[in-house]
Each structure stands twice: as C-alpha cells, then as structure tokens.
Amino acid sequence: SDHESVRHILSEAWAQCYAGLGVLESMYTLLKDDALTFLLPKAGETALMASVDCQPAGVLVTRRVRGVNCILALYIHPKFQRRGLGRTLLSHAVSKEPEAAMVEAHVLQASTQALAFYGALGFTEVSQYHMALPAAGTAGVVVMRLAWAEPTSAP
C-alpha cells in the first residue's frame, strides 16, 4: 500500500545521492511497478517508513544475518534530511532486534553524505569491495559497522 510513497522517497533521494555517477537512469528502472518489488521488504526483513506532517519522508529496510542488522536501504527524502529521521529509523530498527550485536551498512564510496552520516553515528570502516551497478559498470563500496555493548546503547 506504500509503493507510491517508497517510489517517491527513492526517486528524490537517489537523484541527490547518485547524481553524476552515471547510474541514475538504470536505477530508476528499479522503480517501475514490476521491479519495485525487488526493493520492498521480504520475509525476515524489517521495513520502517517515516513521515513528517503526513508526507512520506524516509524508508529503512534491514535484515538480520548471523547476529548482524544489515541495512539494505536507508533513504531520507532530501527536503527532510538533517532532522534526525535517519538516526530515528535506525534506532527503531535496532530496538526491534535487541539480540543482534551490530549494525552493518554497505555504502558506495562516492556517497560522501552517507559515509559522513554513518561515521557521525560511530560506524567504522571494516572493508571495501567493488560491485556491479545496474548497466553502469562497477563502483567501490565501503562496509561500515557499528557494535554496541547493550541493546539500550543503540544509535
């Protein structure tokens, strides 16, 4: 029921995040009706949506894998950024999986805003790799992790 909201958030956030990387057109194909299901949460995944004044503002999808909350998608609509929504969504997701010992994000090296966001939350780089992008070659990816001693000390 929230397909249009998710589509809108991703479209606007991707335009900001990935401008100049040569991948926007191919990524936008993922927003078509038949491809959008690829981006929506599956069984075993947690999805949260934030809204501000009844407007869709952000989306987070996570999956728990071997005690790690893996962030599959965390995007905030550009006009709602810098209001703490990303931090709030992440905190809610972590609180839903208190037995998980850490959170992990895979971030494109070119996404400097995302790298800064995760770094400000205390995430540290643990590795790097290259991944294929939709019809656009490859891109460097930074794997960042945040561990905490107790479930109550989530971001």
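Helices (H or I, at least four residues) and strands (E, at least two) are taken here as DSSP runs, numbered from the N terminus. On that basis the protein has 5 helices and 6 strands, and from the N terminus on its elements run α-α-α-β-β-β-α-β-α-β-β. This is a predicted model, in which local features need pLDDT of at least 70 and side-chain atom pairs count only at pLDDT 80 or more, while totals for chains, interfaces and linings use all residues. Residues are numbered from 1 along each chain as its sequence is written, and side-chain values use heavy atoms, with hydrogens and water left out.

**The whole chain**

Begin with the full protein shown as a surface: about 8,400 Å² is exposed, and carbon and sulfur atoms supply 54% of that area, where accessible areas come from the Shrake-Rupley method with a 1.4 Å probe and, for residues, only the protein chains shown count as cover. Of the 155 residues, 42% count as buried, a class defined as under 20% relative accessible area, with exposed meaning over 50% and partly exposed in between (1.4 Å probe, protein chains only). If contact is taken as heavy atoms within 4.5 Å, residues 24 or more positions apart account for 56% of the contacts with a separation of 6 or more.

**The sheet**

Now select the six strands, which form an open sheet with the order β1-β2-β3-β4-β6-β5 and mixed pairing; two strands pair if DSSP finds at least two bridges between them. The edge strands are β1 and β5, each of which pairs on one side only, and neighbouring strands are turned by 25° against each other on average, direction ignored.

Select β3 and β4 to see a parallel pairing over 4 bridges, in which A105 of β4 is the bridge partner of I71. Then move to β6, which runs antiparallel to β4, joined to it by 7 bridges, and use V107 as a marker, since V107 stands opposite V142 in β6. On to strand β5 (residues 124-132), which is joined to β6 by 8 bridges, again antiparallel; here M131 has A139 in β6 as its bridge partner. Because 7 of its 10 residues are buried, β6 is largely enclosed by the rest of the structure.

**Helices across the sheet**

Add helix α1 (residues 3-17), which lies across β1, β2 and β3 and runs at about 90° to β2. Helix α5 (residues 112-120) lies across β3, β4 and β6, running at about 160° to β4. For these angles, axes are lines fitted to C-alpha atoms, for helices over the stretch in contact, and angles run from 0 to 180 degrees between N-to-C directions.

**The nonpolar cores**

A nonpolar core is a set of buried Ala, Val, Leu, Ile, Met, Phe, Trp, Tyr and Cys residues joined through side-chain atoms within 4.5 Å. In the largest one, of 23 residues, select L60, I71, L74, L85, L89, Y118 and F123, which touch the most other members. The elements that give two or more residues to this core are β1 (45-52), β2 (55-65), β3 (68-76), α4 (85-96), β4 (102-108) and β6 (138-147), and the largest share, 5 residues, comes from α4. Apart from this core lies another, of 13 residues, among them I9, L10, A13 and W14.

Centre the view on F123 and, not counting residues up to four places away in sequence, its contacts are I71, L90, V103, E104, A105, Y118, M144, R145 and L146.

**Three single residues**

From F123, step to E104 in strand β4, which is buried, with a relative accessible area of 10%. The side chain of E104 makes a polar contact with the side chain of R145 (2.4 Å), a polar contact being a pair of N or O atoms within 3.5 Å, where within protein one must be able to donate a hydrogen and the other to accept it, and residues adjacent in sequence count only if both atoms are side-chain atoms.

Next select T62 in strand β2, which counts as buried at 3% relative accessibility. Leaving aside neighbours within four places in sequence, T62 is in contact with G44, E45, T46, C70, I71, L72 and A93.

End the tour at A47 in strand β1, which is partly exposed, with a relative accessible area of 38%. The C-alpha atoms of A47 and A73 are separated by 9.1 Å, with the two residues 26 apart along the chain.
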